Structures are given as C-alpha cells and as structure tokens.
Amino acid sequence: MHSLIVGCGDTGVRVAARAVAAGDSVTGVVRSSASAARVRGVGATARVLDLDTDTLDLGACDRLFYFAPPQREGASDTRMARVLAALDSTPAYTVYISTSGVYGDCGGDWVDETRPVNAESERAKRRVDAERQILAFAREARILRAPGIYGPNRLPIERLRDATPILDDADGGWSNRIHIDDLAAIAWLAGSQSLSHNVYNASDGHPTGLGVYYDTLAHMLDVEPPPRISWAEAEQRFSAMRLSFLRESRRLSNQRLREDSGYEFAFADFHDGLAASLKAEPPLD
C-alpha cells in the first residue's frame, strides 16, 4: 500500500516510520529540505512542495494522512482544497489531525465528540471548514481533534529559563494535552484499522490547570516555577493569539477513542510523558 503524508513534520515522521515498518511505500510532503532529510531518514520518499503556490500532482494513495495546518488567513482551508483536488482517487483510509479548538470555550465542561462545534477564533473556523472538506472527500475519513501536543523539543523550557509568567490558574481554565508519540500511534491506528466513528478527541484524558503542567516541568528541571499573573495583566503582556487560547476552557473526554480502538496510551500521565521527553531533549544548561 502507498501512504501519503501531507505536512510530514514531527508527527508525520513518526507515522511515516510506522508505515515503512508495515511495508508501505511512503511519501512525505514537506516545505523544507531539512524536513525532507528527516523524512528520508525513516526510509520514506520526500517531496518539497508549497501547498499554496506549487502545482500539485499527487497521484493516488491508499492512505492519506493530512497534517498540514490551514493558511493564516481566510474563511476556508484553501490548502486542503488544493491537495484534495490533486488526488486521483479517494484513498481507502483518510486521517486528518484537527484541533480541539473547534469546540470553542466550553466553560470548563467535559466535552465529547457529540458536542457541536463552536469555533470562536478565525484559525479554528478554518479547521471546521477543513473537517467538512475532508468528510465530503472521504465519507470514512477519521478526524482527530488534538489539544496541545508535547514531547521532545516541544516543551516550554525557554519560557521557564526566562521566567516568563503564566496566567494564574484561578483566572485561567483547563489545559488538555497529548504526547506526540501517542498522537502518531493513534493516527496510524486510524489509518490502518476500521473504526466506528468519524471524529475522535485525541487527548490523554487527564486535563489540569496550566500551572500544574508548568510547575511539574520546573520541578523536573530543578528551576523556579514560573511567576503567575492575573488576567488583567495577561491582557497587557500576551499576544492576541495566546490570549485566544487562554480564553477557552474545556476538559476533553477520550472515552470514544478508547472504547472504539482499545488504544492504551503510552503517556496518559503527563508526568511520565514529561520525564520521557526530557530524556530525549537536553535539559537546561
């Protein structure tokens, strides 16, 4: 079988390695020569393409993994539209990594996949459009709504080094996350097995306050926990994008994923996930 991975970055390379191990021929579409080298490093073929401007001739594939983000502006995901139009046929398996941001602010409620989307930011609205496109393209597509992704080289170590403040948990909401190795494993599972639903929350199922996450990492690094600031001060110091994330609070349930797939998380406890990530990433000097 042939696997095509569009947006073959950190998660995609991990999926590519699994596909190669399963005997697939694998093509990873990337934006840079450095990313192409990583794709080739796991035994896959790399294609360097600009999804916005290059002529796309992608042929056919048996498995489509779409991990590229939408462009930064506009109401729809034009990148996805161009990619889907460049495929010769509908793959047997189609997997799209979306974002839990499509739910919008849920006031800290537990959220499962039956909750209607209520995207509030423009970037989340583009993700809703992308979900609709992929389902129109492939009726059996699997959409993975992921929260914050962490893992090696994806930790806020520099923020801790610089004593960058974070919003006090008393003023903030719930934080959800998934380790990148779990996300890649779930994506491969969704692209190689039959599942009962189209949409899954790809989260470790253990939401916390953001401060708990930062404090745990600070303790592991033996540095001071980050200073806390109020919402009023955060509005003065943080970017509009960061504030938009902080305004949204929800607790993601992964019950549907666990029941349908039987998947057992390698890092359901983020303490273990952080420890494993630090082993693969040099600590602070």
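What follows is a working chat about a predicted model.

Trainee: Anything to know before I start?

Mentor: This is a predicted model, in which local features need pLDDT of at least 70 and side-chain atom pairs count only at pLDDT 80 or more, while totals for chains, interfaces and linings use all residues. Residues are numbered from 1 along each chain as its sequence is written, and side-chain values use heavy atoms, with hydrogens and water left out.

Trainee: OK, the sheet. In what order do the 7 strands come?

Mentor: The order is β3-β2-β1-β4-β5-β7-β12, in an open sheet with parallel pairing. Strands here are DSSP runs of E with at least two residues, helices are runs of H or I with at least four, and both are numbered from the N terminus. Two strands pair if DSSP finds at least two bridges between them.

Trainee: Which are the edge strands?

Mentor: β3 (45-48) and β12 (199-201), each of which pairs on one side only.

Trainee: And β7, how many bridges join it to β5?

Mentor: 5 bridges, with the two strands running parallel. Ile97 has Leu144 in β7 as its bridge partner. On the pairing of β7 with β12, there are 3 bridges, also in the parallel sense, and Arg145 stands opposite Asn201 in β12.

Trainee: Is β7 buried or exposed?

Mentor: 5 of the 5 residues of β7 are buried, so the strand is largely enclosed by the rest of the structure. Buried means under 20% relative accessible area, exposed over 50%, and partly exposed in between, using a 1.4 Å probe and protein chains only. Arg142, Leu144 and Ala146 lie on one side of β7, with Ile143 and Arg145 on the other.

Trainee: Why would the residues split between two sides like that?

Mentor: Because side chains in a regular strand alternate between the two faces of the sheet.

Trainee: Which residues touch the most other members of the largest nonpolar core?

Mentor: Ile5, Val15 and Leu144, out of 33 residues in that core. A nonpolar core is a set of buried Ala, Val, Leu, Ile, Met, Phe, Trp, Tyr and Cys residues joined through side-chain atoms within 4.5 Å. The largest share of this core, 8 residues, comes from α6. A second, separate core has 24 residues, including Val6, Leu49, Leu56 and Ala130.

Trainee: Switching to helices. Which residues of α3 are buried?

Mentor: Arg79, Met80, Val83 and Leu84 are the buried residues of α3, which spans 78-85. They cover an arc of only 125° around the axis, which puts them on the same side of α3; the arc is that of the directions from the helix axis to the C-beta atoms. Their cover includes β1 (2-6), β4 (63-66), β5 (93-99) and α4 (122-137).

Trainee: What happens at the start of α3?

Mentor: A side-chain oxygen of Asp77 comes to within 3.2 Å of the backbone nitrogen of Arg79 there.

Trainee: What about Arg63, buried or exposed?

Mentor: Arg63 counts as buried, at 7% relative accessibility, and is found in strand β4. The Arg63 side chain makes a polar contact with that of Asp24 at 2.7 Å. A polar contact is a pair of N or O atoms within 3.5 Å; within protein, one must be able to donate a hydrogen and the other to accept it, and residues adjacent in sequence count only if both atoms are side-chain atoms.

Trainee: Last one. Where is Asp57?

Mentor: Asp57 is in the loop between β3 and β4, and counts as exposed at 55% relative accessibility. Leaving aside neighbours within four places in sequence, Asp57 is in contact (heavy atoms within 4.5 Å) with Arg47 and Ala86.
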